[in-house]
There are 2 protein chains.
Amino acid sequence: MNGRVYKNWLAPWRYDLKLSPSSWAGDFSAGLVVTLMLIPQSLAYALLAGLPAHLGLYASVLPLLGYALFGRSPALAVGPVAIASVMTFNALQSFASPASPEWIAGAIFLALASGAILFLAGLLRLGFLAALLSHPVMSGFISGASVVIILGQLQTLLGFSLQGGSVAIQASSLLQSLDSVHLPTLGVGLVSVALLLLARRYASRTFALFGLRGLLHELLTKASPLLVIGFMALSLWVLELSGQVATVGAVPSGLPGLSFALPYASGMTALLGSALLIALVGFVESVSMARTIGRRCGVVTDPNAELRGLGAANILSGASGAFPVTGGLSRSVVNLEAGARSPMAGVISAAFMIIVLLGFADMLSSIPLASLAALIVISVASLFDGRVFLDALRFDRADALGWLATFSGVLVFGVEQGIAIGVTLSVANVLWRQSRPHMAVIGRLSGTEHFRNVQRHNVETLKNVVFVRVDANLFFGNWDYIANFLEGQARTLTSGGVLVLNLSSVSDIDTTAIEGLEALSEKLKSEGARLVFAELKGPITDKLLRSHFFKESTVYLSCHQAFEALRQPS
Amino acid sequence: MNGRVYKNWLAPWRYDLKLSPSSWAGDFSAGLVVTLMLIPQSLAYALLAGLPAHLGLYASVLPLLGYALFGRSPALAVGPVAIASVMTFNALQSFASPASPEWIAGAIFLALASGAILFLAGLLRLGFLAALLSHPVMSGFISGASVVIILGQLQTLLGFSLQGGSVAIQASSLLQSLDSVHLPTLGVGLVSVALLLLARRYASRTFALFGLRGLLHELLTKASPLLVIGFMALSLWVLELSGQVATVGAVPSGLPGLSFALPYASGMTALLGSALLIALVGFVESVSMARTIGRRCGVVTDPNAELRGLGAANILSGASGAFPVTGGLSRSVVNLEAGARSPMAGVISAAFMIIVLLGFADMLSSIPLASLAALIVISVASLFDGRVFLDALRFDRADALGWLATFSGVLVFGVEQGIAIGVTLSVANVLWRQSRPHMAVIGRLSGTEHFRNVQRHNVETLKNVVFVRVDANLFFGNWDYIANFLEGQARTLTSGGVLVLNLSSVSDIDTTAIEGLEALSEKLKSEGARLVFAELKGPITDKLLRSHFFKESTVYLSCHQAFEALRQPS
C-alpha cells in the first residue's frame, strides 16, 4: 500500500480516502472517457426532455462541480440521465408545449426545486427515506420507463414530432401516423442503430487489431458512439442530404450564464409534486449506484452526503438554465472501470466539457436528431431488467409483485402514477416487515447455558414453563402480532405455569406494548400462572419500572438462571 | 369463574369469549344506554356532515348489525361519529352543495367506497397498515379536527348557514357575519350549552338524590343530553317560538330502504381519495379504541377483523342511504362501562333504534338545530387532547413534532391535507426507526457465559478483539447505518485483530447486507484482520452459505466459545 491518508482539497471535511499518485491518473483518464460518452448522451437526453440539445451540455458542467463539492462517491458520474429526462418531459406535458420558453422555464424550475428538496433533505439527514423505493420496485420502474422512452423515440426515428402520454396513447399515435413516415429520417435512424450496435460489439476488438493499447484504446472504444454520430453527420454533408433530416441546429458557443432566480409562470407550483418525484427517483437510483461503487472501493456510502451532492448538482443545473440531473448508471460504471477514485474525475469531465463548449460547439450543430434517438434507444434498452423479476419470482413473491405492479403501472397509467404505486408498495413492504417480528419458543442446549429455537434444535424444556424470545423492539406497529403469539403460548399453560419472556433483543418498548404486557400478566395471574422476564437490557428495565405490575414481577438475569430456578418444583 | 366457553351465534367462527348470564344482561343494558346517547348524537353528526338529520338514525341500524357480524371487539360502539362526519363534509364541498341530492349521493358513495376499501383491506390482511398513523399524529389530527368542527358549529349556533374551508376562512366568515346574528337561535344555542354542561356535571348526583339506583339511574344519566334537547323542543313549543328557529323538520317514519346500487354523478371518482382517507382515519381511530377495550377485557384485538367489521358497517350504511360510520370514542367507553362484553350490545342498540324509527320519529322533528349544534360543541370539545403533545414534548421530541405538525396542518391547510401530513410523518417515523437499529459492543460478564454492553456493564474484553451485537434484521434499509458502525469498530483493530459479529438477534438478511458483509470481510483481510461470526440462526446460515466469502469464515456457536478460542495468543 503506497497510499497515504489524503484529505480531498475539494471538500477537506469529508474525505478520508487513501490515494496514490496512480489514482490521480485514474481520475484524469476516467474524466476524459466519461466526457466522450457524455457529449452525445447529454445532447440526446436534453432532446428526451423536450429541450434544445445544447442544454444537455450546460447540464454537464456546473452540476459535476456541485456534486464534487458536496457528494462523496468515488465514481458516481452525475449529469443528464434518461429516467430523469423522461420524467421531466412527462411533468411538463400538462404545463406547456415542448421547447417553448415556458417549457424551458418549467424544466429550470424542476431542476431548482428538486435540487432544493434534495439538498434540504441532506441537511435534515433524511437519507433513510431511500427505503421509500425498494430495489425490485425501482427495477420495475426503470424497466417500465425504458419501454416508454423507446416508444417515444420510435416517433423521432420515424420522423414524427414527439408525443407524450401513456404507452397505449403513444403506440396508437405511432400506428395512426405510419403512412406519413419520413423515409430519409428513418434511414438515418436505422443506419445509426446498426452502427451503434456494431460499435458496441466490435469497437474494442477492432481498435486492438490496429495495435492500440492502454488509454488510447479505451478512449477510442468509449468514444465510439460519438464517432458513429459524427460519421453520420459527415455522411449527410458529403451526400448533400443535410437539408433533408432534422439536426441539432445552432449550438451557442460559450459557457452558460448563471441565474439563481426562480422562473415564474402561472401553474408552476403544480410542478412541485413532479419535482419531488424526480428528486426521489434520482436519489434512490444514485444512492444504489453509489452503494455498488462504495462496495467495490471499500468506502462506506453516506446517503445524506449523496443527497447534498445531488442537491447541489441540480441547483447548479437549474442556475445554468438546464434541467434535472442525477447519477447515471452506465457512465458511473465506465467511470469506475476507467479508474475514477474520487469526485476529482467529475471535475476533470467538467473541464473537458468546458473545452467542448468553448471550442467545438459549431461541430455539434449538424448532428442528425435521428442518430441521437438511435443512441437513446440503444442506451435505454439495457435499462430493461426482467431478470430481477424472474429472480424475485423464485425467492420472494412480494418482491416480484412489487416489480410487476410498478412496471405495469408505468405502462398503463404513466410514469408518475407508476412511481406512486411503487412508493405505496415499498412502504407497505416495510410496514408489513416490521409488523411481523421474529419470535421463537426456546429451550436449553443440553450441557450449556445457551437457549435455541425448539423447532431447530434438540433442546431441554421444562414442564408447564414456556421460554419465548422476541427479536424486535416492541411498539404499536407490532404489538398485536406479538400479543397473539404470547397468548397462544399462554394457553398451553395450566395453573402454576410460567411464561418466561426473553427480551435480550429488545432495546425499546412503547406505551402500547407496556400496557399490553401488563394485561397479559394480569390475565395469566387470573388463571394461576405467571409472566416472568429474563435478559432485560438497561433501558427496557428503566421504562418497565414506571409500570406498577413490573415491580411485582420476577426478573432473571438470564434464561439459564430462570431455567435453574424454575426446574425445582415450586 | 361462572363463565363458560361460548361461541357467539352471530359469528360462531370468530368468538371465544367466556360469558356468564350476567354478561347477557350487561350487553342488554349497555345496548339501551348507547341508544339513548345515539339518538341525539346521530342526528347531530348527520347535520355535521351537511345531511338531513334523519340519515343519522339510518346510519345507526344496519351498520351496527354489520359490525356485529364481522367485527370482534366486545364493546366498540359503531355509528356516526364527529371526525368521519366532518371529513365527509369536507370531501363533498368541492363536489356539490350541502343537502342537495348530489351531496347525499356523494355521501352514500363515500360510505360504500370506504366500506369496500375497509372490507377488502380486511380480506387482504392489511391491518398492519394501522402503523400509517402513529398515536401522537392521530391525536394531533383529532385535536385539529375538533377545533374545525367547533368553529363550524358556532355558525349554526349564531344562525348562519354552515361554511366549510380552512379555519382562517371559517373564522373570517364568522366575523364578517357577526352583525347578522339571529338572536332567537343564539339564545336557544346558549341555553342548550348551559343545560348540557349542567347535566354532564350534576345529572348523576341529582338522579341519585331522587333515590334512583342501578340501571334506571344509569339510563337517565346517559339520557340527560336527550332530555335536555327534548326539554328545549318542548320549551319552544310552549313559548310559541317554534317558527322562529330552525328545527330538524319532518323525519320520515319507518325503516330505510336498502339499495346496493352505486350512485353515479360526474366527478364522483374524484371522491375515491377522500373515501380512502375516511377509511384510514376511521380504522385507526377504531382499532386504537378496540385495543383499549381489548386490554380491559383481556381479549386480543385483531386489526383485520376490525377492518372487516368496519367495512361491513360502512357498506350497510351506504346501502341504507346514509354516510360513513366508524367506532365512536365516547359511546364505546360508555358501552364498555355499562357492561357490554360482545357485539350483541350493538345488536340490542340497533333493535332499540328500529323502535325509535317506527314509533317516535315524529317527536324528533321539532328538535332545534341550535341544540344539536350545542351538543356537537360539547361532545367534540373533549376530543381536543393537548396532554398528548405536552407528554410527548417531555419524552419524545419526534412524537411532539408529529402532533404539532398534524394539528397545525389541519388548521392551516384543511382536514385532508392535515391527515396527509400526518401519514407522511408517521411513515417517516417508521422508516427512520428501522433505519437505525440498536447495536452494541459487548463483553463477557466475569465468571459467566453472558455477554453484555460494555457501556452498561463491567465486563471482560480481549485485546484487539471486538465483539459486536446487532439487534435487527439486516436489509437495504438499515445496512448503511450498520456498516458505518462496524467500520468504525474495525478501525480500532490492528493487524491480527478480530471483529466478532454476534447475529443472535438476526433472523433475516438480504442481498445488500450479504454483499456488504463480504466487502467488510475483504477490507479487514486486506489489513491483516478478520471478520468472524457467532450465534448464527439457521436461516441466516443458509443464506450466507450462498456467499463465497462466508464459507472461508470462522463461525462460533456462541460468543463464549469465541472468547475462549480467541483469548489464546493466535
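Which residues in α8(B) meet which residues in α9(B)? To find out in this predicted model, select helix α8 (residues 183-209) of chain B together with helix α9 (residues 214-222) of chain B, whose axes come within 9 Å and cross at roughly 145°. The crossing of α8(B) and α9(B) is right-handed. Show the side chains here, and you will find B:Ala203, B:Ser204, B:Phe207 and B:Ala208 on α8(B), set against B:His217, B:Leu220 and B:Thr221 on α9(B). By class, the residues of this contact divide into four nonpolar, three polar and no charged.

Next, display both chains and turn to the interface, where 56 residues from chain A and 56 residues from chain B take part in the contact. Chain A and chain B bury about 4800 Å² between them, with 60% of that area on carbon and sulfur atoms. On the side of chain A, select A:Phe128, A:Arg295 and A:Phe476, the residues that lose the most area to chain B and that together make up 13% of what that side buries.

Then look for the polar features of the interface, where the rule finds four salt bridges and 10 residue pairs in polar contact. One salt bridge to centre on joins B:Arg291 to A:Asp480, with the closest N and O atoms 2.6 Å apart.

Finally, colour the elements of chain A that give two or more residues to the side touching chain B, namely α11 (272-297), α19 (415-435), α20 (479-490), α21 (511-526) and α22 (538-545). The largest share, eight residues, comes from α19(A), and that side of chain A has 21 nonpolar, 17 polar and 18 charged residues.

How values were computed:
Residues numbered from 1 in each chain as written. Chains lettered and ligands numbered in written order. Predicted model: local features only at pLDDT ≥ 70, side-chain atom pairs only at ≥ 80, totals over all residues. Heavy atoms only, no water. Contact = heavy atoms within 4.5 Å. Buried area = accessible area lost by both parts, 1.4 Å probe. Salt bridge = Lys/Arg side-chain N within 4 Å of Asp/Glu carboxyl O. Polar contact = N/O pair within 3.5 Å; in protein donor to acceptor, adjacent residues only side chain to side chain. Helix = DSSP H or I, 4+ residues; strand = E, 2+ residues; numbered from the N terminus. Nonpolar A, V, L, I, M, F, W, Y, C, P; charged D, E, K, R; others polar. Axes fitted to C-alpha atoms, helices over the stretch in contact; angles between N-to-C directions. Left-handed = near helix turned anticlockwise from the far one by under 90°.
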